[in-house]
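Biologist: Please show the model, and then let us go through it by question and answer.

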Amino acid sequence: MKHESNYLLNRRNIMLGIKAPEVKEPKGTIAKQSEKQKQRIKDAKPDKEKKVKWFKDRIAEMTGVCAECSGSTSKNNSRLAVMAIAHILAKRDNMFPSVATHPDNWIELCVTNGCHHKYDRSWEDAMTMKIWPLVVEKFKLIYPSIAHGERKHLPDVLRQEVL
């Protein structure tokens with residue numbers, strides 16, 4: 001006597017029409033975003049709106065002239081004007097988020113002549129720029145608002161200005 005597996009019996013019965021084929025339920029799809037990620041985005045929305053408003057307010061204050069080289073900062077083109085807004089202290093989450101939207105945490109530097117890039121490249125480069133006294137002046141206004149845990153990120157050249 002020949003022994004057939006259950007699988008083969010089922011297949012033969014389905015092919016002979018004795019048994020209806022099994023309908024498998026479709027497996028669930030993987031969500032594009034987890035519930036945790038959805039909540040994180042929802043919680044961050046007010047911050048994003050605050051940052052957008054901050055940039056719009058700074059554009060309104062712009063002169064259209066680079067503080068370093070007097071080049072154009074394209075004030076009338078909001079996409080280009082945003083690039084001319086250089087944060088005095090980095091706005092990154094791991095640097096100075098407490099003052100990212102402080103009204104004095106910016107300086108108008110052009111992109112076309114590389115002034116914004118030179119300022120952001122290093123503190124040594126920033127110190128050689130003619131805007132350095134203005135940076136120090138604005139830093140002194142910002143300093144009281146910097147969270148204590150973030151003050152460890154301050155460069156020595158600015159730290160010595162307030163101590």
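**Fold, cores and salt bridges**

Modeller: This is a predicted model. Among contacts in the chain between residues at least 6 apart in sequence, 55% join residues at least 24 apart.

Biologist: In what order do the helices and strands of the chain run from the N terminus on?

Modeller: The secondary structure consists of seven helices and two strands. Read from the N terminus, the order of the elements is α-α-α-β-β-α-α-α-α.

Biologist: Is the chain spread out or a compact globule, and what is its radius of gyration?

Modeller: The C-alpha trace spans about 100 × 40 × 30 Å along its principal axes. For 163 residues the globule rule gives 15 Å, and the chain is well over that, so it is more spread out than a compact globule; its radius of gyration is 30 Å.

Biologist: What share of the residues of the chain count as buried?

Modeller: The chain exposes about 11800 Å², of which carbon and sulfur atoms supply 55%. Buried here means under 20% relative accessible area. Of the 163 residues, the share that counts as buried is 29%.

Biologist: Which helix supplies the largest share of the largest nonpolar core?

Modeller: In soluble globular proteins, nonpolar side chains tend to be buried together. The largest nonpolar core here has 25 residues, and Leu89, Leu109, Tyr119 and Ile146 touch the most other members. At least two residues of this core come from each of helix H4 (115–121), helix H6 (132–142) and helix H7 (156–162). The largest share, five residues, is supplied by H6.

Biologist: How many residues are in the other core, apart from that one?

Modeller: Phe55, Ile59, Met62 and Trp106 are among the members of this other core. It lies apart from the largest core, and its residues number eight.

Biologist: Which residues is Tyr119 in contact with, leaving aside its neighbours within four places in sequence?

Modeller: Tyr119 is one of the residues that touch the most other members of the largest nonpolar core. With its neighbours within four places in sequence left aside, its contacts are His87, Ile88, Leu109, Ala126, Met129, Ile131 and Val135.

Biologist: What distance separates the C-alpha atoms of Met95 and His153?

Modeller: Met95 belongs to the loop between strand S1 (85–86) and strand S2 (107–108). Beyond its neighbours within four places in sequence, Met95 is in contact with Ala90, Glu150 and His153. Met95 and His153 are 58 residues apart along the chain, and their C-alpha atoms are separated by 6.4 Å.

Biologist: What distance separates the C-alpha atoms of Val65 and Glu22?

Modeller: Val65 sits in the loop between H2 and H3, and with a relative accessible area of 38% Val65 is partly exposed. Not counting residues up to four places away in sequence, Val65 touches Ser70, Gly71, Thr73 and Glu108. Glu22 is 43 residues from Val65 along the chain, and the separation of their C-alpha atoms is 73 Å.

Biologist: How much accessible area do Leu80, Met83 and Val111 have together?

Modeller: Met83 is in helix H3 (residues 78–83). Its relative accessible area is 40%, so Met83 is partly exposed. Leu80, Met83 and Val111 form a nonpolar patch on the surface, and their accessible area together is about 240 Å².

Biologist: Which residue does Lys38 meet in a salt bridge?

Modeller: Side chains of opposite charge can pair when their charged atoms come close. Lys38 is partly exposed at 40% relative accessible area, and its partner counts as exposed at 60%. The two are three residues apart in helix H2 (residues 35–61), and therefore separated by about one helical turn. At 3.5 Å, N to O, the side chain that meets Lys38 is that of Glu35.

Biologist: What is the N to O distance in the salt bridge of Asp57 and Lys53?

Modeller: Asp57 and Lys53 are both in helix H2, four residues apart, which is about one turn of the helix. Asp57 is partly exposed at 29%, while Lys53 counts as exposed at 51%. Their side chains meet in a salt bridge with an N to O distance of 2.9 Å.

Biologist: Does Arg58, the salt-bridge partner of Glu61, count as buried or exposed?

Modeller: The closest N and O atoms of Glu61 and Arg58 are 2.7 Å apart, and both residues lie in helix H2, three residues apart. Glu61 counts as partly exposed at 44% relative accessibility. Buried requires under 20%; Arg58, at 5% relative accessibility, therefore counts as buried.

Methods. Residues are numbered from 1 along each chain as its sequence is written. This is a predicted model: local features need pLDDT of at least 70, side-chain atom pairs count only at pLDDT 80 or more; totals for chains, interfaces and linings use all residues. Side-chain values use heavy atoms; hydrogens and water are left out. Patches are made of residues with over 30% relative accessible area and no salt bridge: like charges are joined within 9 Å, nonpolar side chains (Val, Leu, Ile, Met, Phe, Trp, Tyr) within 5 Å. Accessible areas come from the Shrake-Rupley method with a 1.4 Å probe; for residues, only the protein chains shown count as cover. A salt bridge is a side-chain nitrogen of Lys or Arg within 4 Å of a carboxyl oxygen of Asp or Glu. Buried means under 20% relative accessible area, exposed over 50%, partly exposed in between (1.4 Å probe, protein chains only). A nonpolar core is a set of buried Ala, Val, Leu, Ile, Met, Phe, Trp, Tyr and Cys residues joined through side-chain atoms within 4.5 Å. Contact means heavy atoms within 4.5 Å. The radius of gyration is taken over C-alpha atoms; the globule rule is 2.2 Å times the number of residues to the power 0.38.
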